[in-house]
Every structure is written in structure tokens, then in C-alpha cells.
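Thank you for making time for this today. I would like to walk through one model with you, going from one part of the chain to another, and I will put it on the screen now.

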Amino acid sequence: MLYFYWIAGIILAVAWASRIVDAALGMPSVADVSRPEWDRNPVLPSGNPRVSVIVPARNEEATIDQALQTLLSLDYHNYEVIAVNDRSTDRTGEIMESILKTWVPHPSHFSKGGTPNPSPTLRIVHHNDLPPGWLGKTHAMWTAANQATGDWLLFTDADVLFKPDSVRRALAYAEAEPADHVVLIPRMIMKRPGEYMMIAFFQIMFMFVHRPWKVADPSTDDHMGVGAFNLVRRRVYEAVGTYEALRMEVLDDMKLGKVVKNAGYAQRNVFGADLISIRWAHGAFGVINNLTKNFFAVLSFQWWRTVIAAVGLAFVNLGPFLGLWLTHGWARLPYAIALASLFVIYVGMSWRSRVPAYYFFLHPVSAAMFIYTLLRSMVVTLWNDGIEWRGTKYPLEELRKGMV
């Protein structure tokens, strides 16, 4: 038994400590576009490229007004906003139309002499039906992209808040790099302890698996996509098959990143402080509800992979705490190293987000809740033979066939 404890401890120590070293060496290479050097306009021989901002929305009456207002207040002068009301049963479409009728250009859209600069256009698209073989969101984004006039397409969500200089800074970085796909990592708005706890764990696991600092390396499989901010060159979007290639993908944002990276295009993810922000969930159980739809899809809707992933999550995240408690003497050393490495990750995360480092002590609780969420996602999806997403049922067989 002692040998088992030593072997398990060494595996955990190496896993967490190596990730710390990898992150420490790699994270500085991830740009932060909120820094002063990116406070500039993207300059091209032909002028500033046109950006089409695409906002799919279904039953988003609580957030759509503020989201669109922040987009219409961007200080970039060559863009359009295309908002898609995807079969909403609430006031989403009505609010969109009201904004269209009453919108007044932001002061940033006027020169110092009062002369109007080119103002963004706002177009509203209403969907009343969903064609077979599509998810509502992917169909909405595909439809809007077909109508877009931009050189760049920015796919975002209906609950994201943009600061005026967010798009200008991200685009300046994209043109200077140059990059074909830029993911701006949002600032999470958190108001309850459960949100801090769960989102902290999610961010750590996301970093553990996807390694943001490796996304720019064409020799790796690491890729990135975030629904809040996927900025992609139009020609690249078309070259990878548009959203028609992802029409049944639950994880459409990450899979867009995957097909762009696999096609050999330049992909970058960047930090941006609070250039964009989002309240992703309300409380710990809000996070659980949001992830119940996604987690089984992450494991390709395969039960055996899900079970293995649950065991792996338990070993990696609960093992260091249990090992330190169950072992004695020098056998505790590797577990202590693993825990120290994990704590350093929480400290580093507290510099980038608003999650205090002391949430490290709740890591076992959040780990247990995430394992529960993973298994819940599998059971609910199998029991219902599919997923229900914002009032629409999508059969499991179709979801499996449509996976990229």
C-alpha cells in the first residue's frame, strides 16, 4: 500500500508542478490587449477593415438591450452589428426593434468638429423556424454571416458587455500579429461565493487541458474558442466551411477554434482585463445547469469516456488532499508538492481574475460538484435521448452525427 501512495503522489506532484512550470514559461507570451501599446487603430494600406459583429439571441430579454447598446457604442468606425432573434418567445425581438428605432450615434462617432464619422449599422434578423439538421445558435450565426459585409466576423453572445475600445484593440493586435482568428478572454462577473468557487475550478481545468500559451504554436493540437469573442477573418471562416460545417455542434465556439487551427491558420488568444465581461451564471447551481448541456458533448457523447474523465478528475483534484491526510512521514511530500503547486495556480489566477487565492481551500468541494455535473450531464442526455437547449430538443443521434 505504501508503494501505491508513493506512486500516486509522484504522479500528482509531477502533473501539477509540471503544469506550473509550463504555464510560468508560456503565459508571458499571451498578449494583453488592454495594455497601452494596443491603444491604436489597425492600419492597413486600404484603411481600417470592416468588422461584422454577429449576435445570436434566443429569449435574452434580460440582457439583450445592454449588450447591443455597448456594441453600438464601440469607438471603432467601420463596423456593423447583425442581431438575430432566433425564435424567441419573450420580448427579445421587440427590444431589438426598439433599439433599432431609437438608437442615436454615440459621441465617439462624431469628430471634434461635430462632423459625423461613419456610424455602425444595426440590422435585425428574425427567425421563426429552424431547418432540420441545425442547432438554433449555429443556424443564427450562419444566416447572419451570409449577410455580413465585413472583412472580419466577430461572433459574440447576447449577454456580453463590451467596452468602447475592445474591438479596436483586438483588431489592432490581429492585424499587427498577423492572426486569422483571435479569441479575447472575457472577464467573468461573479457576485456569489458559489460562482467564484465553480468558475475558479473551471478556469483551472480549462488551463490544464487547453494550455492557452500553446494555441499560437502550429505544432500543437491546442486550440481555443470562446462564445463571447471569436474574431475570425472572413476568408478563413469561408475556407473552413463556415458554420454549416458546425451546424450540429453544441460546442460551436471551441470547434470553430479547432477547425481553424487544424486548417493551419494563425490562431491567437489574448487577455483583455475587462474589455469584455459576462455574468456567466448565477450561483454554483447556475454553473451546474449551464454545463449540464455541454459536458457530455465534451466527451463526444460517449459514456465510457465520461466515466474515465470523472475518475481522472477525482484523482487529479481530490488525490492531493486525500493523500496528505491518509499518508504519513515522507510519503506526504509529493502530495504536499502537488497542493503547493495548486495553490500557486490559485494565486496566479487571482492576478488575472477576481477570484481570491483562498478559494484554494474550497477546491475539493468544487471538484466534487464538477464530477457530479459531468455525470449528471451524461445521465440527463442519455435519459432524454438528446439535449434540450432553450426550449428546443435535439436528438442524440443527430448530435453524434454532426460532431466535428
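The buried residues of helix H11 are Pro334, Tyr335, Ala338, Leu339, Ser341, Leu342, Ile345, Tyr346 and Met349. Looking down the axis of H11, one finds these buried residues within an arc of 155°, so they line one face of the helix. The helix itself covers residues 333–352, which makes 20 residues, and its span from first to last C-alpha is 29 Å, close to the 28 Å expected at 1.5 Å a residue. Please keep in mind throughout that this is a predicted model.

Let me turn to histidine 181, which lies in strand S6, residues 181–184. Is histidine 181 buried or exposed? Its relative accessibility is 0%, and therefore histidine 181 counts as buried. Leaving out residues up to four places away in sequence, histidine 181 touches Met224, Asn230, Leu231, Val232, Gly257, Val260, Ala266, Gln267 and Arg268. Of these I would pick out glutamine 267, whose side chain is joined to that of histidine 181 by a polar contact of 3.1 Å. In sequence histidine 181 and glutamine 267 are 86 residues apart, while in space their C-alpha atoms are 4.8 Å apart.

Just ahead of that strand is a point of backbone geometry. Most residues other than glycine have a negative phi, and most peptide bonds are trans. Between glutamate 177 and proline 178, however, the peptide bond is cis, with omega at about -15°, and proline 178 is found in the loop between helix H5, residues 166–176, and S6.

Which backbone angle is positive at alanine 273 although it is not a glycine? It is phi, at about 50°, and alanine 273 has its place in the loop between strand S9, residues 267–270, and strand S10, residues 276–278. Phenylalanine 301 also has a positive phi, of about 60°, without being a glycine, and it is found in the loop between helix H9, residues 284–298, and helix H10, residues 303–326. As for their surroundings, alanine 273 counts as partly exposed at 31% relative accessibility, whereas phenylalanine 301 is buried, with a relative accessible area of 3%.

A further positive phi, near 50°, belongs to arginine 390, in the hairpin of S11 and S12, where 2 residues lie between the strands. Strand S11, residues 386–389, runs antiparallel to S12, and 4 bridges join the two; within this pairing, glycine 386 stands opposite proline 395 of S12. In a regular strand the side chains alternate between the two faces of the sheet. Strand S12, residues 392–395, has Thr392 and Tyr394 on a covered face and Lys393 and Pro395 on an uncovered one.

Strand S10, which we met beside alanine 273, belongs to an open sheet of 3 strands in the order S5-S10-S7, with mixed pairing. Its edge strands are S5, residues 160–162, and S7, residues 187–188, each of which pairs on one side only. Between S7 and S10 the pairing is parallel, over 2 bridges, and the bridge partner of methionine 188 in S10 is isoleucine 278.

That leaves the charged pairs. Side chains of opposite charge can pair when their charged atoms come close. How many salt bridges does the structure hold? There are 26 salt bridges in the structure, and I will go through a few of them.

The side chains of arginine 50 and glutamate 80 meet in a salt bridge at 3.7 Å, N to O. Arginine 50 lies in the loop between helix H1, residues 2–26, and strand S1, residues 51–57, and glutamate 80 lies in strand S2, so the pair ties together parts that are 30 residues apart in sequence. Both arginine 50 and glutamate 80 are buried.

Aspartate 274 and lysine 163 form another salt bridge between their side chains, at 3.6 Å, N to O. This pair links distant parts of the chain, 111 residues apart, with aspartate 274 in the loop between S9 and S10 and lysine 163 in the loop between S5 and H5. Aspartate 274 is partly exposed, with a relative accessible area of 32%, and lysine 163 is partly exposed as well, at 35%. Finally, salt bridges that share partners join Asp39, Asp75, Asp165, Arg168 and Arg169 into one network.

Methods
Residues are numbered from 1 along each chain as its sequence is written. This is a predicted model: local features need pLDDT of at least 70, side-chain atom pairs count only at pLDDT 80 or more; totals for chains, interfaces and linings use all residues. Side-chain values use heavy atoms; hydrogens and water are left out. The expected span of a helix is 1.5 Å times one less than its number of residues. Buried means under 20% relative accessible area, exposed over 50%, partly exposed in between (1.4 Å probe, protein chains only). The arc is that of the directions from the helix axis to the C-beta atoms. Contact means heavy atoms within 4.5 Å. A polar contact is a pair of N or O atoms within 3.5 Å; within protein, one must be able to donate a hydrogen and the other to accept it, and residues adjacent in sequence count only if both atoms are side-chain atoms. Two strands pair if DSSP finds at least two bridges between them. A salt bridge is a side-chain nitrogen of Lys or Arg within 4 Å of a carboxyl oxygen of Asp or Glu.
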